[in-house]
Amino acid sequence: MKLRAKQIFASALAIFYGGWFAPVAQAYSFGMIVPDVRQPAAISSGSACPVRTRQLVSAGRIAVRWSTALNTNPVTILTQNQTAGGRLTEIEQVIAQSLAVWTGVSGTTLVPATFAPLTRTATQNACGSDGVNFICFDQADMAFTPGVLAFTRVISTDRLGVQVGGSAVATQFGQILDADIYFNPSDSGTTYATPQALAANPKAYDLESLLTHEFGHFLGFSHSAVWSAIMFPFAPAPGTFSGMRPTSQQPDASLGDDDRTGLRVLYSDPADTVHLGSINGRIFPANSLALPASPPGVTGVFGAQVVAVDAAGGAVVGATIGGWSCAVPGPAQFDGRYQIDGLAVGHSYTVYAEALNVAVDPSQFANATVSLCRNAVSDPGWPALQGCVVPAVDVSFSARTRPGP
Amino acid sequence: MFIALLAGAGWMLGCTAGSVSPSPPPAPPPTIAVVVNPMNMSVLLGNQATFTATVTNTGDTAVSWSVNGVPGGNATLGTITSAGMYTAPLDTPSPATVQVTATSHADATKSGTGTLAITSDIALSLTPNRASVELGATQAFQAALTTSAHPDTSIRWSLSGPCASGCGSVDATGTYTAPRILPSPAIATMTAQSVADPSKQISAAVAITSSFSLQLSAPSSVPAGGTATIVATMTSVPGSNPSTALSWALSGPGCSGGSCGVLSAVTTQSASGNSVASSVTYTSPRAVPSPNTVTMTVAPQSDPSKTAQATFAIQSGVSVSVSPSTATLAANHRVVLNAQVNSTSNTGVMWSVNGIAGGNTAFGQICAVGSNPCQPVTSTTTSQVDYLAPGAIPSANPVSATAVSAADSTKSASIRMLGGSIGSLHSRIEGVPAFRAGEEAYVFLWAREGEPFRVLGWSQGTFRIMKDSRGIERVTQDSAAVPLFDPRTRRFQHGGIRSLPVAIFQLKLRKALEEKMP
């Protein structure tokens, strides 16, 4: 039975991380976590409102190490420089460049100095739940199945004072304590190439695009349904890369506007006077009987993608997954609310909503949706008044444009 | 020089001018003597004592002082000035007596010696004088040194006891750190010793305690060939730091070694400041042992007496009975079939007629109870159905209607879902499909030999069953909307499965299987 399934998928399903097609704009999203209100309020905030998972940002605070243990038979990381030292240097430059893409976004507290200097380790299988952020190119993991190119395992916490392995003790709700990036080393048919080597290896995946995407998860992003976003869950086809290559003039060139807006929301800079715009509202079905009866209390469309488009240029500037709100002490209410932050002031925007089943599916956003609630079933002893059940993402509607007044 | 010459000249004059009879030889000059006073005395560490030297039979009474032959002495033996002022060392020398010598300047072969005993009046006290210290915790000890003198006041700390090298450690300031592993016996002796006078020491008894708790979380049962995650949570006393290493073992009255199952993927994570959760994946044996219980024993390295155990049952295969067991029907007539599922909470069954899922018009169909026309049953949750006989007597008569448990362990698989929570830590991987409790889906599974199954290609291998507005169950692939890149053809493929009725999905699946594996 196992073999049969595998053979069918070999041709019928092709490979994961394929590409994009329809230019449908949807949204950035973040990993969410509900603080453990069973703990004292001093370490849990006392609120069951979901918080975003994110790195603690301060100068030199985030350290990244990468394992120089590379797959050798076959070689899966292809470089232009073939010397042993040259290969490592070339790969390290790609890692640094991929990080610089994110720190190159204006209007955020994530700046180059946020990261400690990139360091190497010769240790094999360095990735693990040890509180140290690693990048591993030669470490097998149960998460890899055929078609999975790379993933990031993120460990965050729902209370203060917690640490994992040698990590810092959490001082921020939703703090990411460990984030490891794994590249699939076990699929002999899959190779990755540095930008310098990509043209000569058109069957290889662009290492820089994949790393930049995984660093998005590293920073707390979930996926985006904006096809031009680096956080779109499917990789560019072999031999191609996402967006444009970063340059010294535009270090964040490979990101989409949706990524940039998301980063400004996640790591907002109080000194930023440009991206202060915010749009919010609620989404209702035309017929309220279309709302789900279970779980009770759903009063608006949940899981709709609400997109802000720059009225002048037509660019998708940012978007979000709408459908819920939360007021202290929680829990989340599924009332159809949405809010898009981080928008540049002085612009006009068009907002529209669409179902989350066009370019991607709800499963790509599980961490941004399923994690909005905790209750006595999921967590024994959870207080009933702060418990809730996440409804299924509503994909049964189609949005229509209402004529303006 | 000038004076001596005149005296000599005087003697010469007398010799030539005096008596001629022989005279006795002149008496030798008197011997120079040096006497040190006092000849015996004692002095406290760091204190001073004064010696004097009396030089006789010479007008040159100058002396030089030495201690044990060392001119002026040194820090170990004590020092002495040219005036005979001796200062005792800060630490007791060995031996604790020294010789103070005054040597004549007039005749360096002449000297006098005094013997000096170097003593101490040091007294020590230790706080606390006994203590109980938890594994890996620290306890500060303070030693007070009292004396009327001026000795070296430093303290040398040491540990001893029957626990030998496992007693823990102590630093130069007297802070004791208990071992992370409980020694046997769990008693250590903490000793403070005067550096100045090693004969002065004081000890405190230290009882090493183990107060952490170990709790094991395990399911009450595991299906044969299935997997379960077992979590051991070690909660320690604040400030302590016992070793978190655990040893895991399986045993059972009906199994031994690998026949009890296999353990893998042991992970340890700090769940909070005081608790550490370790988990292990248990894969039960495919053959149910008899008796069918397996005991998981988790022994903490830090204190094996805190061993925790959990016993769980290996579930045997479920059983299904159908009633009535036989029936005789006329063409186009019906009978209600009931499936009774035992040994599992999942009472869902899959119906077939002569091996055909849902049957067909030739052998008869499985229909929703009372539905006319026949509404095919696609849900696995339906345990009561109608069997509708065909319009003509089938070629194979009688026919068999079969209900197969959805939870039949022989047809079930354990799927490793990635990510999860232990304590306050939440591990997540974006893109891994998540399922709600009770959700039904078709998933394509993949695993290497010996590994638990995972969902193949994550979203690509997940086909969820959802009811449409008319209540009809439809199948949608998670990645339906995404054009996928096929590395073999190097082309994008469109058209994932979306909103397909379950029956049609099953037909497509069966056809695909037949095409791929003739």
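What span should the 20 residues of helix H3 of chain A have at 1.5 Å a residue, and how far apart are its end C-alpha atoms?

1. The model is predicted, and helix H3 (residues 84-103) of chain A offers a simple check of its geometry. At 1.5 Å a residue the expected span of H3(A) is 28 Å, and because the end C-alpha atoms are 29 Å apart, the two values agree.

2. Within H3(A), the buried residues are A:Arg87, A:Glu90, A:Ile91, A:Val94, A:Gln97, A:Ser98, A:Leu99, A:Val101 and A:Trp102. The elements that cover these buried residues include strand S4 (77-78), H4, helix H5 (207-219) and helix H6 (257-266), which belong to chain A.

3. Confidence in chain A should be read element by element: the mean pLDDT of the chain is 84, with 88% of its residues at 70 or more, yet among its elements the mean runs from 28 for helix H1 (residues 2-12) up to 97 for helix H4 (residues 195-198). Over residues 1-27 of chain A the pLDDT stays under 50, although the model has 84 contacts beyond four places in sequence for this stretch.

4. In chain B, 3 strands form an open sheet with antiparallel pairing, in the order S32-S31-S36. Strand S32 (356-357) and strand S36 (401-405) of chain B are the edge strands, each of which pairs on one side only.

5. The pairing of strand S31 (residues 349-353) of chain B with S36(B) is antiparallel and extends over 5 bridges, and B:Val349 has B:Ser405 of S36(B) opposite to it.

Methods. Residues are numbered from 1 along each chain as its sequence is written. Chains are lettered from A and ligands numbered from 1 in the order in which they are written. This is a predicted model: local features need pLDDT of at least 70, side-chain atom pairs count only at pLDDT 80 or more; totals for chains, interfaces and linings use all residues. Two strands pair if DSSP finds at least two bridges between them. Helices (H or I, at least four residues) and strands (E, at least two) are DSSP runs, numbered from the N terminus. pLDDT is the predictor's confidence in each residue, from 0 to 100. Two residues are in contact if their C-beta atoms, placed from the backbone, lie within 7 Å. The expected span of a helix is 1.5 Å times one less than its number of residues. A residue is buried if 20 or more other C-beta atoms lie within 10 Å of its own, exposed if 12 or fewer, and partly exposed in between; C-beta atoms are placed from the backbone.
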